[in-house]
Amino acid sequence: MIKNIEKLKNTIILGDCIEELKSVPDNSIDSCITDPPYNYEFIGQDWNEEEIERRTSRIQNSNTLVKNIPYGSGLAGGVRNKRWYERNRENILQYQEWIKKWGTELYRILKPGAYVYTFNSTRTVAHVQTALEDNGFYARDIIVWRRHSGIPKGLNVSKKLEKMGVSNYADWNGWHSCLRNEWEAISLVQKPLTNNYIETLHKYGVGLLNAQSENGFKSNIIEDVKRDKLEDFNIHVTVKPVDLIKQLIMLTVPLDKNYIIIDPFMGSGTTALACKELGVNYIGIEKSKKYVDIAETRLRRYDTAISA
Ligand SMILES: C[S@@+](CC[C@H](N)C(=O)[O-])C[C@H]1O[C@@H](n2cnc3c(N)ncnc32)[C@H](O)[C@@H]1O
């Protein structure tokens with residue numbers, strides 16, 4: 001049932017976004033900034049907490065789990081036979097179908113001209129864009145979030161050959177099965193304008209990008225983002241930096257209380273916190289009660305800190 005937008009403002013809804021988005025009124029939201037699970041094998045199932053716990057316990061004191069989540073699949077170490085490629089293909093197509101399910105509702109609730117920013121891996125972002133285009137959105141850009149980190153995860157061929165006792169292993173020094181992954185993708189799509197930018201702006205107050213920066217014109221590469229020191233209670237494994245989300249908000253809407261940003265995959269509440277810090281309204285949806293509690297604690301702590 002559609003709810004009053006005033007009641008939804010600045011709340012985090014516990015539930016599956018495919019259902020919960022149905023309660024948001026048509027053409028009521030100014031932008032979506034979201035970070036869905038990248039691991040298409042988990043789709044159709046829960047965000048697999050058991051799997052996360054299993055991996056966390058394997059790599060104590062390591063920050064490589066995030067890289068493990070999008071890529072570390074049952075398929076990762078498999079023999080690359082025909083079946084392996086078929087399963088990979090099935091999985092990515094299921095992922096695309098899943099995106100289309102929530103994308104349909106997202107399209108309905110956004111205002112004409114509103115932007116959607118969706119985080120994804122470099123390998124899967126094309127499918128995010130295609131799925132959202134199928135929902136009616138118009139592809140505008142892929143923003144690069146450059147992280148200056150990332151360790152090569154693939155096969156070091158000469159090391160492997162040496163282990164296998166192959167004599168000319170050194171001929172393959174420097175050859176690997178992948179590149180070092182230094183950036184994450186943010187797909188940027190837009191709900192079609194009403195005729196043109198000016199008409200859309202007058203009618204809905206959105207549709208443009210605040211591209212002016214201190215150094216000139218903003219580019220589609222975001223780098224040197226301030227890292228957060230995470231609070232102990234925040235045990236979510238894929239927390240985005242608040243500063244990064246703030247940059248996306250500032251690119252998209254004027255900072256005032258008339259605007260609403262939605263995040264259907266709220267996790268530990270980073271989008272909500274960034275909105276709160278900037279004075280913009282948010283609506284969050286998150287499937288796991290544990291993460292909703294963490295998000296609410298983060299928001300409460302922020303309120304307490306600024307009122308102190
Ligand atoms: C990559 S995390 C988001 C992390 C977030 N950006 C942060 O900084 O904390 C994705 C989140 O989506 C949630 N999720 C997965 N499927 C969902 C669904 N169908 N509806 C709502 N939330 C879902 C997961 O529980 C997980 O917390």
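Two residues are in contact if their C-beta atoms, placed from the backbone, lie within 7 Å. Helices (H or I, at least four residues) and strands (E, at least two) are DSSP runs, numbered from the N terminus.

Before you start: this is a predicted model, in which local features need pLDDT of at least 70 and side-chain atom pairs count only at pLDDT 80 or more, while totals for chains, interfaces and linings use all residues. Residues are numbered from 1 along each chain as its sequence is written.

**Exercise 1. Describe how H10 and H11 pack.**

Step 1: Two packed helices are described by the angle between their axes and the distance between the axes.

Step 2: Find the contacts. Ala272, Leu273 and Lys276 of H10 meet Ala295, Arg298, Leu299 and Tyr302 of H11.

Step 3: Fit the axes (lines through C-alpha atoms over the stretch in contact, with angles from 0 to 180 degrees between N-to-C directions). For H10 (residues 270-278) and H11 (residues 289-307), the axes come within 9 Å and cross at roughly 20°.

Step 4: Classify the pair. H10 and H11 are therefore roughly parallel to each other, the term for angles under 35 degrees. Their crossing is right-handed (the near helix is turned clockwise from the far one by less than a right angle).

**Exercise 2. Place strand S5 among its partners.**

Step 1: Check burial, where buried takes 20 or more other C-beta atoms within 10 Å, exposed 12 or fewer, and partly exposed lies in between. Seven of the eight residues of S5 are buried.

Step 2: Look for pairing (at least two DSSP bridges between strands). S3 (residues 110-120) runs antiparallel to S5 and is joined to S5 by six bridges; Val116 has Val189 as its bridge partner in S5.

Step 3: Turn to S4 (residues 138-146), which is also antiparallel to S5, with eight bridges. Here Val144 is partnered by Ala185 of S5.

**Exercise 3. Explore the surroundings of Cys32.**

Step 1: List its contacts. Leaving out residues up to four places away in sequence, Cys32 touches Leu106, Leu110, Val116, Tyr117, Ile262 and Asp263.

Step 2: Set Cys32 in the largest nonpolar core (buried Ala, Val, Leu, Ile, Met, Phe, Trp, Tyr and Cys residues joined through C-beta atoms within 7 Å). This core has 57 residues, and Cys32 is one of those touching the most other members, including Val116 and Tyr117.

**Exercise 4. Is Asn195 buried or exposed?**

Step 1: Locate Asn195 in the loop between S5 (183-190) and H8 (197-204).

Step 2: Count neighbours. Asn195 has 10 C-beta neighbours inside 10 Å, so it counts as exposed.

Step 3: Check the backbone. Most residues other than glycine have a negative phi. Asn195, however, has a positive phi near 70°.

Methods
Angles under 35 degrees count as roughly parallel, over 145 as roughly antiparallel, 65 to 115 as roughly perpendicular and the rest as oblique.
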